[in-house]
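Trainee: I am new to this structure. Please pick one part and take me through it closely, along with its surroundings.

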Amino acid sequence: MQHRGQESAGIATSNGANLTVYRDLGLVAQVFNEKILNGLEGHLGIGHVRYSTTGSSHRWENAQPAHVTRTNGGDIALGHNGNLVNTAELAADIEMDATTDSHVIAELLARQETDDLVEAFRAVQPQLKGAYSLVAMDEGRVYGIRDPHGVRPLAIGKLPSGGWVLASETCALDIVGADYLRDVEPGELVVLDETGLHSHRLAEPTPRLCVFEFVYLARPDSVLYGRSVYGVRRAMGKQLADEAPAEADLVIPVPDTAHAAAQGYADRSDLPYGEGLIKNRYVGRTFIQPSQSLRRQGVRLKLNPLVEVIEGKRLVVVDDSIVRGTTTREIVQMLRRAGAREIHMRISSPPIRWPCFYGIDTANRDELIASERTDAEIMEFIGADSLGYLSLDGMLVSTGIASEKFCHACFSGGYPIPIPAATALSKNVLE
């Protein structure tokens, strides 16, 4: 699922006796070729793509799956989606020279004096504070675990052949021909082995799925909480049209995440929907680029305006979010140069005013344009003729799911998992 991370990639496999790991910096297609894949033998395995939130993006040792040797012998490989809030404390407790929270988790498991990795997880899980959806493996079994809040997704599928699959999103199950069964529950550990799937309850669940999965992170062909991501985004666009209407000639999306919301906005507004920005499919997601300069460059490489569609038009431009503001500003300038008469930015989520500590790289509040600026000041900064956001209530209603089942801390400041006062705000806290 390349859309979830673009910095490094890795695969671990086992033939039942030996565990092999290969990982490197880069996209999946850059890291793996036929020769390397042929060397990854076995009947069980895990894979990972990295979007860094703890530990820098350019260090090979930060790539995953993390690979450690256990105190009692044997190996563990582990892939992590999320972010711990007590990483520095855990690393200090075990006197470990690590650079990511993922490697700290792997080392904690490896140091447990038990041959049973289920018991190792039981011992380690209470020590982990924050968001974590994990896949792990030893020589004979694959494991999946979610934190008690289930901040990050993890789905279970079954192949027609009888094999089992875990994935961050259901779209990956579709691709490999697996049937979606259910999600790994918050606080649950599942074990996959030759006898099937086994469930262990490690903590009482208090579900708080990240609502930004619906807004941006997940692919539109995935299902979360039993709801189509595409359908929810379309509903958000309709709600946005009700809350922030605009007099315009055309509604266009910022590709790709905002397509569904823009279609919903156009439907509810009874305005034409068009493609005014063409995306280069060979450039990744600018939001998850690790530096501001790369994000700026990424916008120019990724998007190009269709002059014949937008020249002289009053545009409603729908995007999923404004985080730092620079990407939106580049887009508005691009549309102005292409001849747009008016640009009305409409955002299918609320202003992001608070940093995320649970797996999205916005750890410094001063990076967030909405943290200190009013909507009018943001509108002036990006150069739009008007700016409208979807309200928090409107966003949550659009999901069709009870609001208390979501984490929306980046929008509201209400953190479901307490953030320690001593928590460093830098993702390089261990370096």
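Mentor: Start with one word: a residue is buried under 20% relative accessible area, exposed over 50%, and partly exposed in between (1.4 Å probe, protein chains only). Helices (H or I, at least four residues) and strands (E, at least two) are DSSP runs, numbered from the N terminus. The model is predicted: local features need pLDDT of at least 70, side-chain atom pairs count only at pLDDT 80 or more, and totals for chains, interfaces and linings use all residues. Residues are numbered from 1 along each chain as its sequence is written, and side-chain values use heavy atoms, with hydrogens and water left out.

Our part is helix 9. It spans residues 259-269 and is mostly covered. Of its eleven residues, eight are buried. They begin with His-259. Next come Ala-260, Ala-261 and Ala-262. Gln-263, Gly-264, Tyr-265 and Ala-266 complete the set.

What do these buried residues pack against? Helix 8 (229-243) is one neighbour. The others are strands: strand 16 (250-253), strand 19 and strand 20 (342-347). Contact here means heavy atoms within 4.5 Å.

Now look at the way in. The loop between strand 16 and helix 9 holds Asp-256. The peptide bond leading from Pro-255 to Asp-256 is cis, with omega near -5°. Elsewhere, Gln-64 and Pro-65 are also joined by a cis peptide bond, with omega about 10°. Pro-65 belongs to the loop between strand 3 (44-49) and strand 4 (66-69).

Then the way out. Just after helix 9 comes Asp-270, with a positive phi of about 60°. Asp-270 is not a glycine. Its loop runs between helix 9 and strand 17 (277-279). Buried or exposed? At 70% relative accessibility, Asp-270 counts as exposed. Tyr-225 also has a positive phi, of about 55°, without being a glycine. Find Tyr-225 in the loop between strand 14 (223-224) and strand 15 (227-228). Tyr-225 counts as partly exposed, at 28% relative accessibility. As background, most residues other than glycine have a negative phi, and most peptide bonds are trans.

Next, the sheet. Strands 16, 19, 20 and 21 form an open sheet in the order 16-19-20-21, with parallel pairing. Two strands pair if DSSP finds at least two bridges between them. Strand 16 and strand 21 (386-389) stand at the edges, each with a single partner strand, so one side of each has no neighbour in the sheet. On average, neighbouring strands here are turned by 20° against each other, direction ignored. Strand 19 and strand 20 run parallel and are joined by six bridges. Val-318 has Arg-346 of strand 20 opposite it.

Two other helices pack on this sheet. Helix 8 touches strand 19, strand 20 and strand 21, and its direction makes about 125° with that of strand 21. Helix 12 touches strand 16, strand 19 and strand 20, and its direction makes about 150° with that of strand 20. Axes are lines fitted to C-alpha atoms, for helices over the stretch in contact; angles run from 0 to 180 degrees between N-to-C directions.

Between strand 19 (314-319) and helix 12 (326-337) lies a loop with Ile-322 in it. Ile-322 is buried, at a relative accessible area of 1%. Leaving out residues up to four places away in sequence, Ile-322 touches Thr-328, Ile-347, Ile-352, Ile-369, Ile-382, Leu-387 and Tyr-389. Pro-253 is 69 residues from Ile-322 in sequence, and 14 Å away in space, C-alpha to C-alpha.

Finally, the core. A nonpolar core is a set of buried Ala, Val, Leu, Ile, Met, Phe, Trp, Tyr and Cys residues joined through side-chain atoms within 4.5 Å. The largest one has 48 residues. Tyr-265 is among the members that touch the most others, along with Phe-212, Phe-214, Val-251, Val-318, Tyr-358 and Met-395. Helix 9 is among the elements giving two or more residues to this core. So are helix 8, strand 19 and helix 14 (392-399), among others. A second, separate core has 29 residues, including Ala-66, Ala-98, Val-104 and Ile-105.
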